[in-house]
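Open the model in your viewer and switch to a cartoon view. We will go from one selection to the next, with a short look around at each stop.

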Amino acid sequence: SPATQTVVIAIWQPGAPAATLQALRYHPGQTPLLTREWTSDAVTDGVLASPVLSADGNTVYVNGRNRALWALNTADGSVKWSIPLDYLAQTPPTVAPGGLILSGGGPDTALTAIHDKGDHAEVAWRRGDVTPLTTASQAGSDVAYTVVADADRGMALLAFAPADGSTRNSYPLPGATGFPVGVSIGQDRRVVAATSDGQVYGFSADG
């Protein structure tokens, strides 16, 4: 986070029972460039996937192996809140500048939006009719994208409204194999999805 000069990583130390979070402070132009600030094992059963920082750099969000989303203070690693997801999110969440969090994806997950209320969190909406397989990439307040499992087509790129989760459009990924590895959005609003088997799919801007 450029706001707090903080870097937070998930790391599984040798001999540790689970992965923990570690915060580093970046010191531009100084020696050393990075110093260790804190380590936290507060996330029950360990963390899963990469942590994500809020726009102001004061909060770090991360999935727990206990099927919950966690929020911690970046200043000292103390827990702000955790909220049950009731599924194991295997990819990182995303957080918009306004604070809307979209949980990570993976097999048997649901597309879920969460509001950070400071000392607790609330589910804004949840869609159980789609299975997001990747982290949802937010392209502003009007549209977000994720790759979903599709019974007829294998995989599809889903464009949806972050405000309420409603579908804006769905685009098949013809012949997609392996597993999807994410969705990227360009400055020109082109959208690119890729799979672990090396397939790349490009789309022009939606709507």
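A strand here is a DSSP run of type E with at least two residues, numbered from the N terminus. Keep that in mind as you travel, and remember too that this is a predicted model.

**Stop 1: threonine 39.** Select residues 34–40, which make up strand S3, and pick out threonine 39 within that strand. Is threonine 39 buried, exposed or partly exposed? Partly exposed means a relative accessibility between 20% and 50%; threonine 39 has 48%, so it counts as partly exposed. Now show what surrounds this residue. Beyond its neighbours within four places in sequence, threonine 39 touches Thr20, Leu21 and Gln22. Try a distance label from threonine 39 to leucine 21: their C-alpha atoms are 5.7 Å apart, although 18 residues separate them along the chain.

**Stop 2: an open sheet.** Next, select strands S12 to S15. These four strands form an open sheet, ordered S12-S13-S14-S15, with antiparallel pairing. Its edges are S12 (137–138) and S15 (167–172), each of which pairs on one side only. Strands of a sheet pair through backbone hydrogen bonds. Zoom in on S12 and its partner S13 (residues 144–150): two bridges join them in the antiparallel sense. Here you can find serine 137 facing tyrosine 145 of S13.

**Stop 3: a hairpin.** Move on to strand S17 (residues 191–195) and its antiparallel partner S18, joined by four bridges. Together S17 and S18 make a hairpin, with four residues between the two strands. Click on glycine 198 in the turn, where phi is positive at about 90°. Then look across the pair: alanine 193 stands opposite tyrosine 201 in S18. Which residues of S18 lie on its covered face? Show side chains for residues 200–203: Tyr201 and Phe203 are on the covered face, while Val200 and Gly202 are on the uncovered one.

**Last stop: the whole protein.** Zoom out again. Across the protein there are 18 strands and zero helices. The C-alpha trace spans about 50 × 40 × 35 Å along its principal axes. A compact globule of 207 residues would have a radius of gyration near 17 Å, and the protein agrees with this because its own value is 17 Å. Colour by burial and 45% of the 207 residues count as buried. Turn on the surface: the accessible area is about 9,900 Å², with 51% belonging to carbon and sulfur atoms. Finally, colour by charge to find 12 positive and 18 negative side chains, the centres of the two sets lying 3 Å apart.

Note on methods. Residues are numbered from 1 along each chain as its sequence is written. This is a predicted model: local features need pLDDT of at least 70, side-chain atom pairs count only at pLDDT 80 or more; totals for chains, interfaces and linings use all residues. Side-chain values use heavy atoms; hydrogens and water are left out. Buried means under 20% relative accessible area, exposed over 50%, partly exposed in between (1.4 Å probe, protein chains only). Two strands pair if DSSP finds at least two bridges between them. The radius of gyration is taken over C-alpha atoms; the globule rule is 2.2 Å times the number of residues to the power 0.38. Accessible areas come from the Shrake-Rupley method with a 1.4 Å probe; for residues, only the protein chains shown count as cover. Lys and Arg count as positive and Asp and Glu as negative; His and the chain ends are not counted. The place of a charge is taken as NZ of Lys, CZ of Arg, CG of Asp or CD of Glu. Contact means heavy atoms within 4.5 Å.
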